[in-house]
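Trainee: I've just opened this one and could use a guided look. Can we talk it through together?

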Amino acid sequence: MSSEPRGITAADWEPWYQALDWAFGGIAESTEERRLWRGLVALDRCLGIYDEGQVVGTYGEFALGLTVPGGAVLEAGGVTMVSVAGTHRRRGLLRRMMARGLAAARERGDVLSVLTAAEPGIYGRFGYGVAARSLSAELDKRQVGLVNLPPGTDEVRLRVTTPAEALPACEAVYAELAGRRPGMLERRPGWERLGLLDPPAERGGASERRCVLAERDGRVVGYARYASRVEWRATVPGGPVLVKDLDATEPAGYAALLRYLLDLDLTDRVRLAGRPVDDPLTQWVSDVRRADLTLRDRLYLRPVELGGALAGRRYATEVDVVLAVTDDFCPWNSGRWRLTGGPAGAVCERTTDPAELTLDVRVLSTAYLGDATLGALAAAGLVGEERAGALAAASVAFGHPLAPWLPHGF
Ligand SMILES: CC(=O)SCCNC(=O)CCNC(=O)[C@H](O)C(C)(C)COP(=O)(O)OP(=O)(O)OC[C@H]1O[C@@H](n2cnc3c(N)ncnc32)[C@H](O)[C@@H]1OP(=O)(O)O
C-alpha cells in the first residue's frame with residue numbers, strides 16, 4: 001500500500017465517492033444532493049489514499065469564505081468527505097491526509113480551516129476547536145407561546161410561496177446576515193441551491209417544503225422554509241412543523257415568521273435545529289423550560305496561518321497582548337505572537353517579548369469567533385495568565401455582540 005495521499009481527478013470520482021459511502025455505512029442522500037456536493041467540492045483539493053488500486057482514504061475540501069468578527073470574509077478551506085476504509089483504520093491515514101491538506105492550504109494562502117465533525121472526538125488533536133455551537137428547540141404549541149414581541153411585528157406582511165420562486169429574495173436576506181454574523185459563509189455561486197434541496201424520499205412523510213416571506217414597507221425582511229407532517233391520532237390532528245431555514249434582517253420580521261409557524265393549523269409543535277445560541281426566540285418563548293432547548297457543537301475551526309487569522313478579524317476594544325501558542329500539528333504557528341488591534345483593525349506579528357497569555361491553538365480556535373470567552377476558557381484551566389490584567393482585557397476584546405453561527409452544514 002502507498003499510504004501517501006495523492007490528488008484525484010474527475011475520472012477517480014465515482015470509486016472515490018463509493019469508498020466514502022461505504023466508510024460512512026451509507027450516506028443516504030438523493031442523487032440531486034450528491035450532484036450538488038460534487039459541483040461544489042474543490043476537486044483539485046481532494047485527496048485519496050490507495051491500496052492495490054482500491055480507495056482506502058478520502059479527503060475533500062470546499063473553498064469557503066467565512067465571516068469573522070468585524071465583518072471581513074477570510075478564505076477558509078472547508079474540510080469534508082473524510083473517511084478511511086474499515087480495513088485500514090487506526091493506522092494514521094487520517095492524520096496523513098489532514099497534514100497534507102493543511103500544508104496545501106498554507107501554500108495556497110488560506111487563513112483558516114473549518115469543518116463540521118461526524119464525531120466530536122476526532123479533530124481536537126489536529127488543532128480544531130468548537131468555534132460556533134448551535135441550538136435546537138421544540139416548541140409545544142399547547143404549552144409555549146410568544147411574549148414581548150418587538151414593535152412592528154403586526155405590520156409585517158406574510159406571503160407563502162415556493163422556495164424556488166422566493167430564492168432571489170431569500171438570498172438577499174442571507175447575504176445581509178452573512179456580512180453581520182461571524183461564522184456565516186459567504187454565498188458563493190452554487191451554494192444557493194442548498195435551499196432548494198427537498199427530495200421526496202427524504203421527507204419522512206412530511207409535506208413538500210414551502211417558503212413564507214416576511215415583508216415590511218414593500219421590502220423582504222425575512223423568510224422561513226418549512227414543511228409540516230400532520231399526524232392524526234384517531235380524529236385528533238397533531239404533528240410537527242419542521243423548520244429548515246429561518247432568517248430575518250430585523251426582529252419584527254423574525255417574530256412574525258415565528259408566530260406564523262406556531263399558528264399553523266393541524267400541528268402541535270414546531271421543531272427548529274441548527275439555530276444560533278443567541279436566537280431571539282429564547283427571549284420570546286413564554287416558557288423557556290418547555291421549549292426543549294439543546295446545545296450542540298457545530299462549526300470546528302483552526303487557523304492555518306495564526307498571524308493572518310488574528311490580524312484578519314477586528315476586536316471589540318483596544319487590545320495589546322503577547323500570546324504564547326502551542327500548535328503541535330501545525331508547528332509553524334507555535335511561539336509568541338504580539339496582537340495589537342481594536343475595532344478598526346489589527347496586526348499580529350511574531351515577538352520575542354515575554355508571554356502574557358499562554359494557550360493551545362485549539363483553545364484559541366474556540367475563542368476566535370467569540371463563542372467562548374478567554375475568561376471562561378481560563379476558568380477551565382485552558383488559558384494561563386502571565387501578566388495580571390491581560391486576561392480580562394483580551395477576553396473583552398475577543399468578544400462579539402452576536403454569537404457566531406453556521407446556519408447550514410457542508
Ligand atoms: C469533516 C468530515 O468529513 S467528518 C467525517 C469523518 N469520517 C467518519 O466519521 C467516517 C467513519 N470513520 C472513519 O472513516 C475513520 O474512522 C476516521 C476517518 C474518522 C479516522 O481515520 P483513521 O485513519 O482511523 O484515523 P487515524 O488512524 O489517522 O487516527 C488519528 C487519531 O484520531 C483518533 N480517532 C480516529 N477516529 C476517531 C473517532 N471516531 N473518535 C475519536 N478519535 C478518533 C485515533 O485514535 C488517532 O488518535 P491518536 O492521534 O491519539 O493516535
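Trainee: Let's start with the record. Which residues does UniProt list for "active site"?

Mentor: Keep in mind that we're looking at a predicted model. The label comes from an unreviewed UniProt entry. Under "active site", that entry lists Tyr123 and Phe410.

Trainee: Is Tyr123 buried or exposed?

Mentor: First find Tyr123 in the loop between β5 (112–115) and β6 (129–140). Leaving out residues up to four places away in sequence, Tyr123 touches Leu115, Ala117, Tyr128 and Tyr300. The cut-off for buried is 20 or more other C-beta atoms within 10 Å. Tyr123 has 25, so Tyr123 is buried.

Trainee: And Phe410: buried, partly exposed or exposed?

Mentor: Phe410 sits in the segment after α10 (390–397). Apart from residues up to four places away in sequence, Phe410 touches Phe62, Gly78, Thr80 and Thr116. A residue counts as partly exposed between the limits of 12 or fewer for exposed and 20 or more for buried. With 18 other C-beta atoms within 10 Å, Phe410 is partly exposed.

Trainee: There's a ligand too. Which element gives the most to the shell around the ligand?

Mentor: The ligand is surrounded by 22 residues, and the closest are Val82, Arg89, Leu94, Ala118 and Gly121. Two elements give two or more residues to that shell, β4 (73–84) and α3. By class the shell has 12 nonpolar, 4 polar and 6 charged residues. The biggest giver, with 6 residues, is β4.

Trainee: Staying with α3, which residues does Ala105 contact beyond its neighbours within four places in sequence?

Mentor: Ala105 lies in helix α3 (residues 93–108). Ala105 is buried, because 22 other C-beta atoms lie within 10 Å. Setting those sequence neighbours aside, the contacts of Ala105 are Gly77, Asp110, Ser113 and Val304.

Trainee: How many residues of helix α8 are buried?

Mentor: Helix α8 covers residues 361–368 and is mostly covered. Its buried residues include Arg362, Leu364 and Tyr368. After α8 comes Gly370, with a positive phi near 100°. As for the buried count in α8, that's 8 of 8.

Trainee: Now zoom out to the domains. Which element gives the most to the side of domain 1 that touches domain 2?

Mentor: The protein divides into domain 1 (2–115), domain 2 (134–297) and domain 3 (305–397). In domain 1, 14 residues are in contact with 16 residues of domain 2. On the domain 1 side, α2 (31–40) and β3 (54–67) each supply at least two residues. With 5 residues, the top contributor is α2.

Trainee: How far apart are the centres of domain 1 and domain 2?

Mentor: These centres are taken over C-alpha atoms. The side of domain 1 that touches domain 2 has 7 nonpolar, 5 polar and 2 charged residues. From centre to centre, domain 1 and domain 2 are separated by 31 Å.

Trainee: Last one: what radius of gyration does the protein have?

Mentor: The fold comes to 10 helices and 19 strands, and the C-alpha trace spans about 70 × 60 × 35 Å along its principal axes. Buried residues make up 42% of the 410 residues. A compact globule with 410 residues would have a radius of gyration near 22 Å, and the protein agrees with that, at 23 Å.

Notes: Residues are numbered from 1 along each chain as its sequence is written. This is a predicted model: local features need pLDDT of at least 70, side-chain atom pairs count only at pLDDT 80 or more; totals for chains, interfaces and linings use all residues. Helices (H or I, at least four residues) and strands (E, at least two) are DSSP runs, numbered from the N terminus. The radius of gyration is taken over C-alpha atoms; the globule rule is 2.2 Å times the number of residues to the power 0.38. Two residues are in contact if their C-beta atoms, placed from the backbone, lie within 7 Å. UniProt positions are given in the numbering used here, feature names are shortened, and annotations may be inferred rather than shown by experiment. A residue is near a molecule or strand if its C-beta atom, placed from the backbone, lies within 6 Å of it. Ala, Val, Leu, Ile, Met, Phe, Trp, Tyr, Cys and Pro count as nonpolar, Asp, Glu, Lys and Arg as charged, and the others, Gly among them, as polar. Domain bounds come from an automatic or database domain assignment.
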